[in-house]
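Open the model in your viewer and keep the selection tool ready. The tour goes from the surface to the interior.

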Amino acid sequence: MSKRVDLLNGSIISPLIRLALPIMGTSLIQMAYNMIDMIWIGRIGAGAVAAVGAAGMFMWLSGGLMILARMGGQVYTAQNLGAGNLEEAGKYAQGSLQLGVLFSLAYTIVMIAFCKPLIGFFNLNSPSVVQDAEAYLWLVSLGTIPSFLNQIFTALITTTGNSRTPFIVMAVGLVFNMVLDPLLIFGLGPIPAMGVAGAAIATTLAQVIVTVLFFLYIRRDDHLFAHVKWFQKPDWACYGAILKLGIPSAAQNCVFPLISMVIARVIAGWGDDAVAVQKVGSQIESISWMTADGFSVAVNSFVAQNFGAGNFQRARKGYRVSMGAITVWGLFTSILLMTAGGFIFQIFIPDPAILPMGISYLTILGICQMFMCWESVTSGAFSGFGHTLTPSLVSIVFTAARIPGAILLSATPLGLDGIWWSITLSSVCKGLLLVTLFFFFLKHLSRKSANHPAQQRKR
């Protein structure tokens with residue numbers, strides 16, 4: 001049985017769910033990489049968690065460059081697949097991968113060369129925490145190239161309607177990470193205990209294994225990757241199209257961690273324990289937004305293929321079905337975080353002194369989970385139609401508002417909780433506004449859809 005799901009014909013909900021479930025599983029696996037690190041590192045202490053949290057911000061920042069290479073390639077590949085143009089689809093997939101290698105190599109060099117001043121930005125209090133953060137950043141940066149390629153491979157393979165293969169490959173990588181983490185962090189027999197550095201090495205090795213498995217898959221693929229020529233000279237027109245579509249999303253994904261870094265510096269004023277709470281809390285709530293991101297990729301592929309084939313109505317219905325499903329998930333995660341936050345938090349940091357801060361974080365952030373899910377899925381639908389500017393602007397403006405919001409609210413009796421409220425309120429605003437703007441976008445696009453080239457060919 002083919003692993004590819006037909007997104008262009010038949011019912012909407014069945015192929016969408018068949019495509020989305022493995023993607024959501026893949027997103028949860030990616031989340032589990034970080035969670036497993038946090039669970040084991042939390043056994044070392046809150047200082048170690050703060051070190052990984054600070055260094056991890058820069059790996060989060062690298063996602064902006066990855067999106068710059070991935071988004072345009074993903075959308076144009078899907079649209080050309082929908083139109084039945086495999087050669088063009090292969091060209092955009094090739095451009096996306098080549099840009100991914102170039103950007104990840106440049107980022108690796110910068111991270112290694114400027115490791116010390118980058119970690120110094122956070123004003124961490126303990127010298128041992130600073131040393132651990134520097135070691136973690138240096139080592140995990142070596143996995144930037146395979147990490148970029150893995151994300152791009154996942155997106156491109158998914159555009160073909162095959163989300164099972166990325167799920168299986170990422171699951172294998174997770175198993176390796178689960179085995180390597182405790183082995184390298186705490187040591188066993190001749191293997192010395194490496195602490196935080198061991199977690200970085202485990203993550204990097206797991207990423208390399210996943211990349212190797214993806215290469216084994218694409219060597220046997222007779223569909224999209226049969227038209228990808230790795231070492232062909234650069235197609236500058238293709239690069240330009242990919243970058244033009246990817247710039248808004250890349251800016252959004254770069255600004256978000258930069259803003260989070262500033263907020264992390266504000267949080268550091270409450271001590272390293274507060275930094276650890278924010279790091280662990282964000283990992284726990286990622287069960288919501290990373291699942292939504294996975295569903296967003298499915299919506300992106302569904303919308304892009306159907307829009308490329310000229311079937312605007314089917315693309316629009318796919319978005320509506322997705323919003324219904326993700327709303328249920330968002331409500332579930334809100335209830336989970338607000339009622340069982342303390343139990344979950346203790347799995348990561350079993351320290352009674354820190355627990356009240358963790359419960360407060362998860363309770364406040366639990367309020368906005370559904371709105372965060374709405375934002376992610378609606379952004380995916382916007383991108384599937386080839387429109388990335390609006391969701392990027394909304395995200396940048398309201399995420400940036402968290403900085404003055406955090407400073408002002410934390411100066412009230414809310415204290416540290418004021419920072420968590422600034423995050424929640426901005427997320428609610430983003431979700432509501434983006435859904436409203438997408439409604440007007442669809443109304444505008446419906447008037448233009450009759451002039452779509454594919455629709456004209458049908459006449």
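A residue counts as exposed when its relative accessible area is over 50%, as buried when that area is under 20%, and as partly exposed in between. Keep in mind that this is a predicted model.

**Stop one: Thr339.** Select helix H11, residues 312-348, and pick out Thr339 within it. Is Thr339 buried or exposed? Its relative accessible area is 63%, over the 50% cut-off, so Thr339 is exposed. Now add Leu216 to the selection. Thr339 and Leu216 lie 123 residues apart along the chain, and their C-alpha atoms are separated by 44 Å.

**Stop two: a surface patch.** Move to helix H7, residues 164-186, and select Ile168 there. Ile168 has a relative accessible area of 43%, between the two cut-offs, so Ile168 is partly exposed. Then add Phe167, Val172 and Phe176. With Ile168, these residues make a nonpolar surface patch of about 310 Å².

**Stop three: inside.** Go to the interior next. The structure holds two cavities of 30 Å³ or more. Take the second largest, with a volume of about 90 Å³. Which residues line the second largest cavity? Select Gly53, Ala54, Met57, Phe122, Leu124, Ala264, Ile267, Ala268, Val275, Gln278 and Lys279. Color by element: helix H2 (46-82), helix H9 (236-267) and helix H10 (272-308) each give two or more residues to this lining. Then color by residue class. The lining divides into eight nonpolar residues, two polar and one charged. Lys279 is part of this lining, and Lys counts as charged.

Definitions and conventions. Residues are numbered from 1 along each chain as its sequence is written. This is a predicted model: local features need pLDDT of at least 70, side-chain atom pairs count only at pLDDT 80 or more; totals for chains, interfaces and linings use all residues. Side-chain values use heavy atoms; hydrogens and water are left out. On a 1 Å grid over the protein atoms alone, a cavity is a set of points where a 1.4 Å probe fits but cannot get out, and a pocket is an open set with protein on both sides within 12 Å along at least five of seven lines; lining residues have an atom within 4 Å of a point. Grid points are joined across faces, edges and corners, and a volume is the space filled by probe spheres set on the points. Helices (H or I, at least four residues) and strands (E, at least two) are DSSP runs, numbered from the N terminus. Patches are made of residues with over 30% relative accessible area and no salt bridge: like charges are joined within 9 Å, nonpolar side chains (Val, Leu, Ile, Met, Phe, Trp, Tyr) within 5 Å. Accessible areas come from the Shrake-Rupley method with a 1.4 Å probe; for residues, only the protein chains shown count as cover. A salt bridge is a side-chain nitrogen of Lys or Arg within 4 Å of a carboxyl oxygen of Asp or Glu. Buried means under 20% relative accessible area, exposed over 50%, partly exposed in between (1.4 Å probe, protein chains only).
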